[in-house]
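Reader: I am new to this structure and would like to go through it step by step. Could we begin with the surroundings of the ligand?

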Amino acid sequence: MRTYGDGTARRAALREVSIDLYPGQLVLLMGPSGSGKSTLLAVLSGLLEPDSGQVLADDDGAMRDIWQLTAKEREQHRRKHTGFIFQGYNLFPALTARQQLEIVLKWGEGADGGDARRRADEMLERLGLGNNKNKKPAQLSGGEKQRVAIGRALVKNPSFMFADEPTSALDWENGQKVIELLRDAAHQRGASVLCVSHDARLLPFVDVYYHLDDGHLERRELPAE
Ligand SMILES: Nc1ncnc2c1ncn2[C@@H]1O[C@H](COP(=O)(O)OP(=O)(O)OP(=O)(O)O)[C@@H](O)[C@H]1O
Ligand SMILES: [Mg+2]
């Protein structure tokens with residue numbers, strides 16, 4: 001349960017919701033605007049504390065409630081195991097594409113400079129951004145920025161990936177590339193991936209589909225192929 005505001009203005013953005021995420025699965029979360037999708041992602045990823053309830057995560061072999069950890073432990077868990085693609089990229093304006101990825105590796109896991117550069121370049125190549133490594137966000141198109149944001153989330157090989165409307169700013173060709181990358185993160189790298197979207201065209205790419213409406217979560221059947 002997560003509410004916003006207090007007193008009479010108090011309103012529940014999430015009610016009694018329960019969701020299981022498994023390694024190797026790409027899960028799609030749909031629902032109308034304001035239904036609580038971003039709130040749920042923030043609670044699951046350790047960014048926003050729920051009023052009640054647990055978020056159990058496998059942390060190097062032990063199941064732990066991330067909201068029972070100290071703030072420092074939770075921050076460590078997030079840096080080490082969680083990739084987050086924000087609604088609207090959240091790139092650092094002053095950094096080049098390559099630096100956006102390097103900083104995650106250096107700061108997140110203490111990788112040395114050479115290792116960080118090699119892995120950043122490898123990921124940018126995979127994303128088709130080999131020629132854009134030295135560009136800053138203002139010099140990149142929307143689709144390129146989106147791919148840098150995805151690279152930043154993927155480069156550390158996180159166990160958990162959360163993506164908030166990662167295709168909303170893209171044309172369908174680029175949107176398709178993005179959902180394929182998220183599917184690869186799950187199917188090839190064994191990550192648990194939770195993707196929020198309004199776009200029903202993503203349904204054929206995913207393993208599981210949930211619908212959220214006014215804070216109530218329901219698992220739905222995928223349409224037959
Ligand atoms: N910081 C906040 N303070 C107060 N209310 C908030 C806050 N953040 C979100 N809300 C409210 O909580 C509800 C759920 O918001 P949330 O951002 O989770 O929705 P969403 O499903 O992600 O919507 P969208 O599809 O538009 O991104 C909305 O009614 C919203 O107005
Ligand atoms: Mg949202």
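Reader: Which element gives the largest share of the shell around ligand 1?

Author: This is a predicted model, and what follows is computed from it. The elements that give two or more residues to the shell around ligand 1 are strand E2 (11-14) and helix H1 (37-44). With 3 residues in that shell, the largest share comes from H1.

Reader: How many residues of H1 are buried?

Author: A residue counts as buried when its relative accessible area is under 20%. Among those in H1 that meet this are Lys37 and Thr39, and both of these also belong to the residues that come nearest to ligand 1, together with Ser33, Gly34 and Ser38. The helix is mostly covered, and of its 8 residues the number buried is 7.

Reader: Which residue has a polar side-chain atom 2.5 Å from an oxygen atom of ligand 1?

Author: Two polar contacts involve the backbone: an oxygen atom of ligand 1 is 2.8 Å from a polar backbone atom of Gly34, and a backbone N or O atom of Ser35 lies 3.2 Å from an oxygen atom of the ligand. The polar side-chain atom at 2.5 Å from a ligand oxygen belongs to Thr39.

Reader: What percentage of the area that ligand 1 exposes when taken alone does the protein bury?

Author: Taken alone, ligand 1 exposes 640 Å², and the part of this that the protein buries is 60%.
The shell that surrounds the ligand has 14 residues, which divide into 3 nonpolar, 8 polar and 3 charged. To return to the value asked for, the buried share of the ligand's area is 60%.

Conventions
Residues are numbered from 1 along each chain as its sequence is written. Chains are lettered from A and ligands numbered from 1 in the order in which they are written. This is a predicted model: local features need pLDDT of at least 70, side-chain atom pairs count only at pLDDT 80 or more; totals for chains, interfaces and linings use all residues. Side-chain values use heavy atoms; hydrogens and water are left out. A residue is near a molecule or strand if one of its heavy atoms lies within 4 Å of it. A polar contact is a pair of N or O atoms within 3.5 Å; within protein, one must be able to donate a hydrogen and the other to accept it, and residues adjacent in sequence count only if both atoms are side-chain atoms. Accessible areas come from the Shrake-Rupley method with a 1.4 Å probe; for residues, only the protein chains shown count as cover. Helices (H or I, at least four residues) and strands (E, at least two) are DSSP runs, numbered from the N terminus. Ala, Val, Leu, Ile, Met, Phe, Trp, Tyr, Cys and Pro count as nonpolar, Asp, Glu, Lys and Arg as charged, and the others, Gly among them, as polar. Buried means under 20% relative accessible area, exposed over 50%, partly exposed in between (1.4 Å probe, protein chains only).
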